[in-house]
Amino acid sequence: MAEPVLEVHDLRVTFDTEGGLVPAVDGIDFSVAAGQTLAIVGESGSGKSVSSAAVMGILPSNAEVKGEVLLDGRELVGLPSDELRKIRGNDIALVFQDALSALNPYYTVGWQVAEAYRLHHDVSKKAAFQRAIELLDKVGIPDAARRAKSYPHEFSGGMRQRVVIAMALVNDPRVLIADEPTTALDVTVQAQIMQLLADVQEEFGTALVLISHDLGVVAEVADDVLVMYAGRAAERGTVRDLFHRAAHPYSLGLLGAMPRIDVPPRPRLTTIPGSPPSPGSIKTGCPFQPRCAYTERVGERCITERPELTPRPGEGDHEAACHLGRRPEAVV
Amino acid sequence: MPDILWFIIRRLLATVLVMLALSLAVYLIFYAIPADPAHLACGKPCTPDRLEQARHFMQLDQSTIQQYLNFLKGIFAGRTFGEGAAAVHCNAPCFGYSFPLARPVTTLILDRLPVTASIAVGAAVLWLIIGVSLGVVAALNRGRPLDRLAVGVALIGVSTPSFLLGLLAILVFGFWLNMVPVNGYVPFSESPVDWAWHLVTPWLVLAVLQAASYIRLTRAQMLEELNLDHITTARAKGAGEARVVVTHGLRGALVPIVTLFGLDLGGLLGGAILTEKVFSMQGLGELLISAVGQLDVAVVVGVTLFSAFLIIVANLVVDIVHGALDPRVSHG
């Protein structure tokens with residue numbers, strides 16, 4: 001595998017709230033190389049978005065970030081805010097989930113894309129606006145020169161998401177973090193946006209971190225997958241490892257909950273019983289244990305001992321955090 | 001901008017109707033009072049003959065509706081009271097004639113307006129600056145001592161009557177410290193320095209009291225605004241904190257602040273009654289109060305209508321500015 005652009009080691013994020021310290025991300029590792037796509041998968045509250053915000057350094061002030069975030073080998077955690085500011089939006093850019101709320105309603109989209117450019121380049125407003133039009137055109141906004149003067153509310157959802165992507169790409173970032181970029185969109189538009197991201201990646205060799213709970217999208221575009229559960233890594237590996245050799249009961253549960261047309265129809269989709277634990281509520285044992293169908297087979301260990309990531313058969317570095325030694329058979 | 005033009009024309013037409021209804025209401029209220037203005041004009045001793053003469057001269061012997069129609073006619077055509085050498089002319093636009101002051105109401109209002117406008121506009125600029133900046137500071141330091149201080153100042157400001165603070169200011173800065181003049185007004189055209197020097201205390205008194213509501217409003221708006229997703233976008237783009245707060249945060253909080261400001265200023269231009277009284281300034285408020293004392297109905301009606309007109313105009317201006325500030329608002 002190529003040299004990673006972004007490497008994250010033992011990332012921990014703790015929120016200091018009125019109810020005490022809440023660990024939202026509890027030691028995760030991942031890396032992504034130029035032109036590659038890493039998908040981070042998990043339910044709401046599993047720490048996916050917090051991890052990406054931590055990498056960007058845009059968490060609220062009550063969050064404490066520990067661990068290493070290396071961009072081309074340069075440590076970002078603990079950098080002075082001024083240095084970080086130069087990296088944000090320039091080397092690492094973020095595509096948000098909800099483009100309507102991510103855009104400022106009071107400024108034209110051209111202005112907003114141009115602002116992102118001006119923040120990192122010493123150019124005239126006019127030149128920046130030209131650059132914005134160029135990018136809006138590149139992401140497929142028709143009649144970009146005219147539409148650049150429109151406000152966000154004058155665009156459709158898909159077009160707005162293109163604007164947000166243009167804003168993220170305007171500085172040719174090394175890493176693009178897309179936080180559920182298609183969740184708020186129609187299925188047909190979703191495909192267009194994913195295609196756009198793939199095109200961009202091919203053209204610029206951008207490393208893409210895709211945060212998603214849409215396993216269909218993940219199967220299509222990702223090279224590597226990180227499955228997160230309760231702020232920790234449940235499983236990671238290549239996309240084929242996950243879809244063909246999933247080793248963690250949670251991954252199996254996610255796969256089982258996904259509708260498929262390539263297998264004989266089941267009477268109904270399987271679901272994972274229960275709901276994800278609130279961060280920090282499970283102190284000992286496996287965080288997935290209360291919802292796990294395999295606990296009885298393993299026994300006491302699931303309750304007393306926290307499973308660490310251990311190697312599993314597969315391509316490259318397939319790992320899962322589960323006490324089940326071998327790949328579990330699906331339990332129906 | 002034909003849309004906005006039509007909007008203004010429609011609103012101005014509506015304003016005329018509102019003013020008509022309002023003038024009738026005000027007229028009926030003040031002419032329903034049991035006291036007889038002619039009695040005061042007649043002097044002592046007042047023979048029935050002279051009283052009748054005065055009533056006729058002041059056109060009080062006509063029916064109330066006829067008097068109202070005369071009033072309306074006077075606005076466009078002017079009025080003449082009495083005949084021959086003793087006749088009194090009130091040129092169009094005539095909003096009534098003050099017999100106690102022997103001047104047309106229009107002239108009286110125009111004479112007093114600069115005083116009130118000087119007080120109102122100067123104070124408004126001050127309270128806007130003080131209120132908005134303290135509000136922003138409070139929001140940025142939410143829950144910390146600086147926030148508590150600003151909120152406390154706002155609470156005191158909201159609860160203090162202007163005459164109390166005005167008298168205290170005169171006592172402390174005027175008499176004890178002998179820093180500023182304690183009363184009087186110098187026209188701007190005579191000496192701008194003296195003008196400002198005489199006004200600085202009333203400005204500060206009004207500004208401190210009014211700023212309170214702006215601190216609260218700005219604080220609440222900023223807290224809401226800074227929580228929005230597009231603020232995170234601005235940070236993710238690499239915008240510095242000052243830019244995030246002012247360009248992206250305050251911009252969104254501006255609409256309600258401008259609305260409140262327009263209405264407050266419009267209201268104050270109609271007469272800062274207590275402040276004018278405390279600082280012995282001959283403004284519109286002072287004109288109104290002494291007219292009430294002298295049963296000078298024409299002045300009371302005229303000033304009341306003028307104040308109402310200012311508030312309607314302020315509303316119109318606020319609506320127009322609102323459309324200019326928020327691209328999502330259309331005046332269609």
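Putting chain B and chain A together buries about 2,000 Å², and carbon and sulfur atoms give 59% of that area. Keep in mind that this is a predicted model.

Who touches whom? On the chain B side, 20 residues are in contact with 24 residues of chain A. There are 15 residue pairs in polar contact across the interface, counting pairs with both residues at pLDDT 80 or more. Two elements of chain B, α9 (229–237) and α10 (241–269), each bring two or more residues to the side that touches chain A. Of these, α9(B) gives the most, with seven residues. Sorted by class, that side of chain B has four nonpolar, eight polar and eight charged residues.

As for salt bridges, the count between the two chains is two. In one of them, the side chains of A:E115 and B:R243 meet at 2.5 Å, N to O.

Now for the empty space. The largest pocket has a volume of about 1,200 Å³, and 38 residues line it. Nearest its centre lie A:L59, A:P60, A:S61, A:N62 and B:R235. Both chains supply elements with two or more residues in the lining: chain A offers α1 (48–56), β4 (63–71) and α2 (81–87), while chain B offers α5 (105–140), α8 (192–225), α9 and α10.

Here is the class make-up of the two surfaces:

| Surface | Nonpolar | Polar | Charged |
|---|---|---|---|
| Side of chain B that touches chain A | four residues | eight residues | eight residues |
| Lining of the largest pocket | 21 residues | nine residues | eight residues |

The helices α9 and α10 of chain B turn up both at the side that touches chain A and in the pocket lining.

Terms used: Residues numbered from 1 in each chain as written. Chains lettered and ligands numbered in written order. Predicted model: local features only at pLDDT ≥ 70, side-chain atom pairs only at ≥ 80, totals over all residues. Heavy atoms only, no water. Contact = heavy atoms within 4.5 Å. Buried area = accessible area lost by both parts, 1.4 Å probe. Salt bridge = Lys/Arg side-chain N within 4 Å of Asp/Glu carboxyl O. Polar contact = N/O pair within 3.5 Å; in protein donor to acceptor, adjacent residues only side chain to side chain. Helix = DSSP H or I, 4+ residues; strand = E, 2+ residues; numbered from the N terminus. Nonpolar A, V, L, I, M, F, W, Y, C, P; charged D, E, K, R; others polar. 1 Å grid on protein atoms, 1.4 Å probe; cavity = no way out; pocket = protein on both sides within 12 Å on 5 of 7 lines; lining within 4 Å. Points joined across faces, edges and corners; volume = space filled by probe spheres on them.
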